[in-house]
Amino acid sequence: MAAFGSFALIIALALAAYNLFAGGIALRLLAVGGPNSAPARVSPERLAETARRAGIASFAAVSAAAFALIWSVFHNDFSIEYIVEHSNKALPSAYKFAALWSGQEGSLLLWAWLLAGYGFVLRLTHKSDVKLHAYAGTILAAVQTFFLMLLVIKVPPFGGVRGGVIPEDGNGLNPLLQYPEMVIHPPMLYLGYVGFTVPFAFALGALMMRYPGEKWIHITRRWTMFTWLFLTVGIFLGMHWAYAVLGWGGYWGWDPVENASLMPWLTGTAFLHSVMMQEKRGMMKSWNVWLIFSTFLLSILGTLLTRAGLVSSVHAFAQSSIGSWFIAFLVITLAVCIFTYVLQHDHLKSEHRVESVVSREASFLFNNLVLLAACFTILWGTLFPVLSEYIEGTKTTLSGAYYSHIAVPIGVFLLLLTGVGPLLAWRASSLKSLRRNFIVPGAAFVVTALGCLIGGLKPWADEGVFYALMTWALSAAVATAIVSEFVRGAGVLHRQTGKNLAESMLLLIRRGTRRYGGFIVHLGIVIIFIGFAGYAFNKSAESPMAPGDKMQIGPYTLVNLGNTQESNANYDTEFSQLDVYENGKKLQAEPMSPEKRVYLVNGQPQTMVANHSMMRWDLYVVYEGRNADSGLPIIKAFLNPLVMWIWVGLAVVVFGTLVALVPSVSPARVAVLVPAKPGVLPGHATVGTVGGGD
Amino acid sequence: MKRLRRMAFSRFVQAAFVAVLVCFSLGVTDSAGRFNDLGHKMMCTCSCGQVLLECNHVGCTVSGGMRDELTNSIASGQNDSLILQSFVQRYGATVLAAPTTQGFDLLAWIMPFAVSTIALIGTILLVRNWAKNQPKLASAGAVPSNPAEEAMRERIRRETGTD
């Protein structure tokens with residue numbers, strides 16, 4: 001199977017390279033050849049078609065290679081070094097799948113496979129615009145060729161076992177990865193990273209061919225949103241995994257690899273917003289092109305950080321010398337982008353300009369600016385240790401403490417813009433409309449801030465509390481603004497159609513899925529921010545606990561029922577069973593069982609947190625290990641307020657994005673009732689237009 | 001009258017600023033608070049990459065000793081700056097969870113704000129300049145600068161079914 005996999009990869013490389021070169025030649029011939037030019041020996045259209053088919057076939061070849069690796073994992077083929085390093089016989093089946101992306105070779109194969117998959121869909125749907133798809137397909141083939149070259153030359157996943165002696169068993173999967181979410185978190189993240197290649201390819205292709213209008217944006221809008229959705233879900237699954245597995249009580253550690261996933265998300269989010277300006281008013285064309293270029297380059301940088309060990313990270317599961325390959329690829333891609341832009345930038349001239357600082361356009365611009373400022377801050381923080389080591393010889397550490405000083409204010413400002421933007425009119429907002437639109441959200445802000453102060457928050461005592469108060473007050477304002485938009489729109493429809501408010505709301509959303517889906521996403525972001533703000537009030541308590549011992553945290557009393565040790569084929573485990581009481585009443589029927597596992601195959605430990613999640617807070621209990629002197633297990637309990645809101649917020653974001661992906665129902669097709677006018681029969685059906693647009 | 005109002009507003013802003021400063025200076029200074037604060041300003045040096053008070057490795061041989069050292073330093077009456085310096089001398093600069101505000105490290109703090117501020121001011125100036133030079137449009141409805149482009153955009157919207 002190893003030989004089959006290697007052969008499939010070589011075939012895939014040959015097909016992708018053919019797609020790149022034949023596609024490139026065909027496009028060149030099409031570009032230089034006019035109606036009066038001499039007939040070419042090879043028809044460029046036919047050459048482009050063979051390139052497209054080669055691209056489709058490359059997906060089959062990469063799929064075969066991926067299948068060969070999965071088959072080898074499931075059949076414990078320890079003649080392959082990768083399988084020895086990342087699997088073992090006792091590994092549960094679900095995690096054998098995870099072995100595909102747990103090491104460098106496998107995860108690069110996954111990159112290539114997903115990219116080939118996206119390319120497959122792109123090439124099958126070429127009929128919507130053959131020439132633009134040919135450009136995009138060729139650019140995609142260039143990226144594919146790079147990854148396949150890496151897999152064939154530098155990090156072959158089917159390499160034979162070192163020393164030539166086939167071991168009885170493998171080293172097993174990293175224990176941190178043996179968690180259900182790890183089966184879906186990396187593929188989701190990769191679907192996000194890889195997916196941005198498609199809008200990048202379309203943007204670069206459209207620029208190369210001086211494509212008229214914004215059709216490329218319309219074609220890629222759903223691609224971009226799907227990709228953004230995958231990346232969002234991937235990031236949050238990673239957060240949940242860190243929360244449940246790492247056992248330090250938090251969900252975001254500002255680790256370089258976490259940062260690497262956030263950077264393309266930020267620029268991708270900026271792109272999703274600013275393309276609306278191009279669609280609506282033909283503005284920010286250069287800006288959009290550079291946003292999608294940056295997003296793609298940051299995705300590659302993310303992969304470089306994850307896999308090449310450029311910066312030290314808890315995520316650097318596998319490191320090697322592929323860094324120079326990635327850096328070369330980044331430099332070449334950037335050079336191609338700059339060259340194409342310089343050559344064609346006159347094609348990207350804006351048709352309109354922002355007319356007022358207080359307008360929807362300006363708010364989009366500021367929103368983009370803040371997202372990019374956040375991205376720059378994170379990039380700067382991530383690479384600063386490398387810079388300081390290079391310049392000063394000492395690696396400066398930048399932990400969460402640094403980011404909470406720098407990134408939190410930017411996040412709060414972004415939250416403010418989330419609320420302000422949709423309240424502003426296109427072109428310019430009058431003072432009257434500003435007053436009308438802002439009075440209710442402004443009141444919500446003041447009331448919430450006062451409520452927090454009366455409730456006992458002391459923002460002057462702690463920076464974290466200050467930002468929490470600001471976040472909650474702003475969240476109330478933004479949520480009020482969003483809900484007002486729904487209520488106002490539904491109210492108009494209710495008056496027009498006579499339908500009840502809930503039905504009117506549904507109709508409103510169906511008519512403007514993109515606009516109202518976007519509002520739902522914003523609402524989800526607000527809920528997530530409310531959850532983030534709870535971090536300022538985390539509490540913890542730690543104690544060695546013998547059976548019968550008690551520990552108090554917040555209103556809860558934890559009583560240790562006993563400590564147990566067990567073993568199975570995969571790991572040894574130690575855990576405590578703790579009953580939890582609140583005001584003398586049991587919190588839950590089953591005791592909480594925080595656990596510490598030590599995997600037999602490699603002796604690596606893993607924390608299994610016991611978490612009782614409520615909307616108010618999470619009671620999060622960790623089995624830290626045994627006290628060196630007394631031998632008693634050390635139990636650490638955290639009370640983490642509002643964490644559940646983060647996961648609920650994510651669900652709302654996913655729902656909102658899915659709504660925005662559904663095509664709107666044309667108002668012309670929805671019959672609505674309007675109040676009778678003189679000369680019109682009562683109840684006469686006519687066309688309503690409420691709810692459309694952005 | 002206008003000047004008087006401006007002066008009153010300026011006084012109000014100054015008073016608010018002083019009040020905020022006073023409030024911030026009333027921070028918690030007890031030993032437990034200082035331990036928590038300083039413990040979050042330092043990293044565990046066992047190479048786990050975690051903040052000292054959050055290191056939870058099984059059998060970590062470093063964080064326990066560092067925590068005891070921190071407790072003793074606070075008990076001996078040293079100020080926060082001295083405690084941090086003594087940790088830096090013992091464990092190296094990487095023990096600090098965030099860069100200092102001296103030398104090259106200062107750049108880590110300044111750059112994000114400097115870049116953001118410059119970008120923000122630049123954008124505001126640019127937009128104001130655009131707004132100033134904008135030809136007066138006849139009505140609130142957008143007048144396409146290029147009717148052919150507008151027509152093309154409308155056609156694309158229709159053909160691709162996007163709203």
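The largest nonpolar core of this predicted model holds 234 residues, and the members that touch the most other members are A:Ala12, A:Ala65, A:Ala112, A:Phe147, A:Ala203, A:Ala374 and A:Val621. Helix H9 of chain A, which covers residues 215-246, supplies the largest share of this core, namely 17 residues. In soluble globular proteins, nonpolar side chains tend to be buried together.

One of those well-connected members, A:Val621, can be followed through its contacts: once neighbours within four places in sequence are left aside, A:Val621 is in contact with A:Leu578, A:Met592, A:Pro594, A:Val609, A:Ala610, A:Ile635 and A:Ala637. Of these partners, A:Ala637 also has a place in a sheet, since this residue belongs to strand E10 of chain A and stands opposite A:Ala541.

That strand is part of an open sheet of four strands in chain A, which has the order E1-E10-E9-E8 and antiparallel pairing. Strand E1 (539-544) and strand E8 (610-613) of chain A form the edges, and each of them pairs on one side only. Neighbouring strands of the sheet are turned against each other by 15° on average, when direction is ignored. Between E1(A) and strand E10 of chain A, which spans residues 633-641, the antiparallel pairing runs over six bridges.

The domain assignment of chain A gives the following parts.

| Domain of chain A | Residues |
|---|---|
| domain 1 | 1-33 + 42-172 |
| domain 2 | 179-369 |
| domain 3 | 410-535 + 646-687 |
| domain 4 | 537-644 |

The centres of domain 1 and domain 2 of chain A, taken over C-alpha atoms, are separated by 22 Å. Their contact takes 27 residues from domain 1 of chain A and 29 residues from domain 2 of chain A. On the side of domain 1 of chain A that touches domain 2 of chain A, the elements giving two or more residues are helix H4 (93-102), helix H5 (104-124) and helix H6 (130-154) of chain A, and the largest share of that side, ten residues, comes from H6(A).

How far the model can be trusted varies along chain A, whose mean pLDDT is 85, with 92% of its residues reaching 70 or more. Confidence is highest in helix H19 (residues 643-661) of chain A, at a mean of 95, and lowest in strand E12 (residues 685-687) of chain A, at 36. Over residues 668-694 of chain A the pLDDT is below 50, although this stretch has 46 contacts in the model beyond near neighbours in sequence.

Chain B, by contrast, has six helices and zero strands. Of its 163 residues, 17% count as buried, and among the contacts in chain B with a separation of 6 or more, 39% join residues 24 or more positions apart.

Methods
Residues are numbered from 1 along each chain as its sequence is written. Chains are lettered from A and ligands numbered from 1 in the order in which they are written. This is a predicted model: local features need pLDDT of at least 70, side-chain atom pairs count only at pLDDT 80 or more; totals for chains, interfaces and linings use all residues. A nonpolar core is a set of buried Ala, Val, Leu, Ile, Met, Phe, Trp, Tyr and Cys residues joined through C-beta atoms within 7 Å. A residue is buried if 20 or more other C-beta atoms lie within 10 Å of its own, exposed if 12 or fewer, and partly exposed in between; C-beta atoms are placed from the backbone. Two residues are in contact if their C-beta atoms, placed from the backbone, lie within 7 Å. Two strands pair if DSSP finds at least two bridges between them. Axes are lines fitted to C-alpha atoms, for helices over the stretch in contact, and angles run from 0 to 180 degrees between N-to-C directions. pLDDT is the predictor's confidence in each residue, from 0 to 100. Domain bounds come from an automatic or database domain assignment.
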